[in-house]
Every structure is written in structure tokens, then in C-alpha cells.
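Thanks for making time this morning. I would like to talk through one model, taking its pockets, its cores and a few individual residues in turn.

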Amino acid sequence: MKYRDLKISFEIDGASFSTISIGKDWLYGPIPRHSHSKNSYEMHYISQGQGTLIADGEKYELTPGLFYMTGPGIDHEQISNPDDPMEEYGIYLQIDVERKLPSDSPVKLFLSKPFWIGPIGEDCSRLMDTILLEIEEKPFGYEQMLPALLKQLTLLIIRKYKKKAPLKVKAVTQTISPEDLMYLTIEEAFLYNYKDISLQMLSQTINTGLRQTERILKNHYGKTFLEMKTHARMSAAGLLLLETPDSIAEISEKLGYSSSEHFTNAFKKFYGQSPREYRKNS
């Protein structure tokens, strides 16, 4: 289950933290390599199951109780253990800093670590359950409660980065900008629809023209549409080759290629070796 366009924000030292989506899902298949746009951060908490995280080329074993944060430009991918699939909480944030932060601001510490991984304890786990329950049941006063709970969760996580950081917080509720939601929509489009996505489909999804969509991708991700689609497909291909027994033909079909030959040529151009060589060498 995933909740989007929540319109929940809070402030820390004048920096606005806008919550774009919150979810809790079972991960049965691999999540291909991807990264987030400028000012975008995603909290990941593994509540059950096991798997592997690859972030900026480093491999981490994921087990219950582990938390990791991925910020702008951090390439990451997840592989869930098919015998013990992972259940993951995910919270997607956009952060806007409009003025100079105090030298002792916890926001500075948060922004200085675009990637962090470690255990965060049962207090954070309970908070995440409470946040989801508030969203699902919408009890009296939930609109005021949610910013406070998300603020508390974020600060607890920052404390894990560095204990006893001075905290100055003010909770507010404001509307999420369409631009913030647009970046999440773009990333999810490539992450989950890499097989069929086209520039026209993406443009219609985010309600922009074709040229404007290309400019957005180039300005915020440094890639063209074709480069992003190729990156998403090849990331998925690498995971499928290493983590499944699927044949080259089956993988080619899953990725949306017209033939195994077309897929093999694209793969070799991207990785410098054929799919069979990649599977064998890895």
C-alpha cells in the first residue's frame, strides 16, 4: 500500500520537509538501479525478510531492523531474497532550504549524508506503524498529528547520525507543490514501467510537452529520456541475469525488446559484454 500527495510538511530551522509519499510493501522482485532528483530523499526501513542493497557500488545485506536513507544522485538497487521476501516501509521527502542554516542545525547533518545505513531501533519502527495507522484510519485530529509524527521520526533518525544534535523544530502543514510530486512520478515511471514507457506516455503522465519533458530530465537527472530508459532496462537486466534462472529470451521479453538479438546487442553496448558472459563472469 502506498499513499501519495499527502500534503504534509514540517520545518526544521526554516528548512521545509515535504512528505510526498508513504508506503509499506512486500518486495518480491528486484528493484532496478535508480537515483533520486535534486533535494529528494527516501527513507527505507526493512521490517521483515532479507535481501541485498547495492548503493554506489557497495553491497549491503538487508535484515529486519535495518534502515537506510538514499538522497540525490545515489544509485541504488534492491534484491529481495525469494525464500524470505522483504517488507519495507518507504517515505519519500522533498527538502527546500530557502535561507542560510545555523551552524549547529541538524538539517546540515541530514543534508551532508545523502546515504546512510544502520539500525534505528524499535522507537522508529513503532512511529512508522503509528504514521500508517493515522493515514489509514484518519482519526480525529490526524491532520495535525501526522506532521508531528513525521517530524519526530526524522529527528530520531538524524540523532542516529550524530547523538545529542541540537534540535529546533516547528511543525507546519502546507500544500505539496505539483513539481515535488512530478519528480516522484518520473522516478516511479522508469522504476516500474521501463518495459513499455515512452516519452509521450511520460509527458502525458506529468502533463508536460515532449520538449519540456526532455528538458526536465536533462536538468534534474543529467540524462535524456532514451538514456534514462536504457539505464532502467539495463539495471533490471543485470538483476534478472544474476538473481533469476530466466533465459535470455525470457529476460528480453520482460524488458520489452522485440527480439533476443536486439536485447543482446543493447546489453553488450551498455555493459561491454554479452548477457551470457555477464551471467557467467558474475
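The lining of the largest pocket draws at least two residues from each of β2, β3, β4, β9 and α4, and I should say at once that we are looking at a predicted model. There are 24 lining residues here, and those that lie nearest the centre of the pocket are K2, L27, I31, L191 and Y192. If you sort this lining by class, you find nine nonpolar, eight polar and seven charged residues, and the space that lies in the pocket comes to about 360 Å³ for the second largest one, against about 430 Å³ for the largest.

Staying with the second largest pocket, its lining consists of 22 residues, with T52, I54, K59, I79 and E243 the closest to the centre. The elements that each supply at least two residues to this lining are β5, β6, β8 and α7, and α7 provides the largest share, namely five residues. By class, this lining divides into eight nonpolar, nine polar and five charged residues.

Since α7 has come up, let me stay with that helix for a moment. It runs over residues 225-243, and its 19 residues reach 27 Å from the first C-alpha to the last, which is close to the 27 Å expected at 1.5 Å a residue. Is α7 largely enclosed by the rest of the structure or not, and why? Of its 19 residues, 14 are buried, and so the helix is largely enclosed by the rest of the structure. One residue of α7 that I would point to is T230, which counts as partly exposed because its relative accessibility is 27%, where partly exposed covers the range between 20% and 50%. T230 is separated from A189 by 41 residues in sequence, while the two C-alpha atoms are 13 Å apart in space.

Let me turn now to the nonpolar cores. The largest of them has 36 residues, and F17, F67 and L153 are the ones with the most contacts inside it. At least two residues of this core come from each of β1, β2, β4, β7, β9, α1, α2 and α3, with α3 giving the most, at nine residues. Which residues does L153 touch, once its neighbours within four places in sequence are left aside? L153 is then in contact with M43, I91, C124, L127, M128 and I131. There is also a second, separate core of 30 residues, whose members include Y92, M182, F263 and Y278.

I will finish with two asparagines that deserve a look at the backbone. N39, in the loop between β3 and β4, has a positive phi of about 65° although it is not a glycine. With a relative accessibility of 44%, N39 counts as partly exposed. N207 lies in the loop between α5 and α6, and it too is not a glycine and yet has a positive phi, in this case of about 60°. Is N207 buried or exposed? Its relative accessible area is 70%, so N207 is exposed, given that the cut-off for that word is over 50%.

Notes. Residues are numbered from 1 along each chain as its sequence is written. This is a predicted model: local features need pLDDT of at least 70, side-chain atom pairs count only at pLDDT 80 or more; totals for chains, interfaces and linings use all residues. Side-chain values use heavy atoms; hydrogens and water are left out. A nonpolar core is a set of buried Ala, Val, Leu, Ile, Met, Phe, Trp, Tyr and Cys residues joined through side-chain atoms within 4.5 Å. Buried means under 20% relative accessible area, exposed over 50%, partly exposed in between (1.4 Å probe, protein chains only). Helices (H or I, at least four residues) and strands (E, at least two) are DSSP runs, numbered from the N terminus. Contact means heavy atoms within 4.5 Å. On a 1 Å grid over the protein atoms alone, a cavity is a set of points where a 1.4 Å probe fits but cannot get out, and a pocket is an open set with protein on both sides within 12 Å along at least five of seven lines; lining residues have an atom within 4 Å of a point. Grid points are joined across faces, edges and corners, and a volume is the space filled by probe spheres set on the points. Ala, Val, Leu, Ile, Met, Phe, Trp, Tyr, Cys and Pro count as nonpolar, Asp, Glu, Lys and Arg as charged, and the others, Gly among them, as polar. The expected span of a helix is 1.5 Å times one less than its number of residues.
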